[in-house]
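Dear colleague,

Please find the structure below, handed over for your own inspection. A short account of the findings comes after it.

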Amino acid sequence: MTEPYDLITMGRIGVDIYPLQTGVSLAQVETFGKFLGGSATNVAVAAARLGRRSAVISRTGRDPFGDYIHQALRDFGVDDRWVTPVDAYPTPVTFCEIFPPDDFPLYFYRRPKAPDLVIRPEELDQEAIAAARIFWITGTGLCEEPSRSATLAALEARAGASPGATTVFDLDWRPMFWGGEGGASGDGGASGAAAMATARPYYEAALKHATVAVGNLDEAEVATGLRDPKACAQALLDMGVELAVIKQGPKGVLAVHRDGRTAEVPPTPVEVVNGLGAGDSFGGSLCHGLLAGWELEPMMRYANAAGAIVASRLACSSAMPTADEVEAFLAGR
């Protein structure tokens, strides 16, 4: 086998079709830009932009958008060998509306089924997964079969990982993929709560194999049933992880390690253009810091800064900053 990857992510991939006008609904938008998308994919791109050797496990349709995805991954320096076509389903596209500073509705076109949910356990390169310095999975990968079984099989393969290897569970809550709507328990009424109840056993199963859990408060609630950030972090530690990272939006980020170390870092203020993708930039930078062995507080500050940079830009994947850009941004604070 070749040298182990710094990071392998597994999960959503697709094409983002984002409006080039802000502050108007899709009904009024006249021009759009096309970008590589998907949370797990964006995390791999973010890490690659920081100099890390990364790869994605996912699937596309056998169509021109699938061809575009392969080219975009290669352009970003992300290995696409485990991104394979599915004949039966089209490559997903995602539209958004942009109403800065905090309203960015997403419209997913992933039916009748997204190819990235047709990842099968027998197709996995378990040796490469076990060897990766960091392996990253998402909550969306658990929402349907065969992706659910493949995700859990990949986590089990991590039992053979080298000591010190990191397995990250991005809690990544999208209730519409679980038959619900809305966000946290306060949104979406009964269907939102029912969707969380459906997802929670699978989140619990994944957390048994993870060393790091990362998500916002809504996502942490899916896993823990709690809303208080510190209580959520402690519950995630109790469920098996070594590090819990709770993103709190305008309240910053909380990181709690099993060994007692904690870091609470305030947000990095910017003029927001598009908040979508900021969390993926945070995730790629978190992996960069974990690989470098940074202490919690500087790692959270760096990841916050990387996320803020993306929030100040229009796109997601192509907005991911380089290390020089993050360092210059932090130096100017």
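The notes that follow deal with the sheet, the helices that lie across it, and the internal cavities. Please bear in mind that this is a predicted model.

The sheet is open and has nine strands, with mixed pairing, in the order E5-E4-E1-E8-E9-E10-E11-E12-E13. Its edge strands are E5 (78-86) and E13 (262-265), each of which pairs on one side only. From one strand to the next, the twist averages 15 degrees. Strands of a sheet pair through backbone hydrogen bonds, either parallel or antiparallel. Strand E12 (residues 253-257) pairs with E13 in the antiparallel sense over four bridges; Leu254 has Glu264 in E13 as its bridge partner.

Two helices may be described together with these edge strands. Helix H2 (residues 64-76) lies across strand E4 (54-61) and E5, and runs at about 170 degrees to E5. Helix H9 (residues 296-311) lies across strand E11 (243-247), E12 and E13, and its angle to E13 is about 30 degrees.

As to internal space, there are two cavities of 30 Å³ or more. The largest has a volume of about 50 Å³ and is lined by Arg110, Arg111, Lys113, Ala114, Leu117, Cys143, Glu144 and Phe177. By class, four of these lining residues are nonpolar, four are charged and none is polar.

The second largest cavity has a volume of about 30 Å³. Its lining consists of Gly11, Arg12, Asp116, Leu117, Thr138, Thr140, Gly141 and Ser147, which divide into five polar, two charged and one nonpolar. Leu117 thus appears in the linings of both cavities.

Yours sincerely

Notes. Residues numbered from 1 in each chain as written. Predicted model: local features only at pLDDT ≥ 70, side-chain atom pairs only at ≥ 80, totals over all residues. Heavy atoms only, no water. Pairing = 2+ DSSP bridges. Axes fitted to C-alpha atoms, helices over the stretch in contact; angles between N-to-C directions. Contact = heavy atoms within 4.5 Å. 1 Å grid on protein atoms, 1.4 Å probe; cavity = no way out; pocket = protein on both sides within 12 Å on 5 of 7 lines; lining within 4 Å. Points joined across faces, edges and corners; volume = space filled by probe spheres on them. Nonpolar A, V, L, I, M, F, W, Y, C, P; charged D, E, K, R; others polar.
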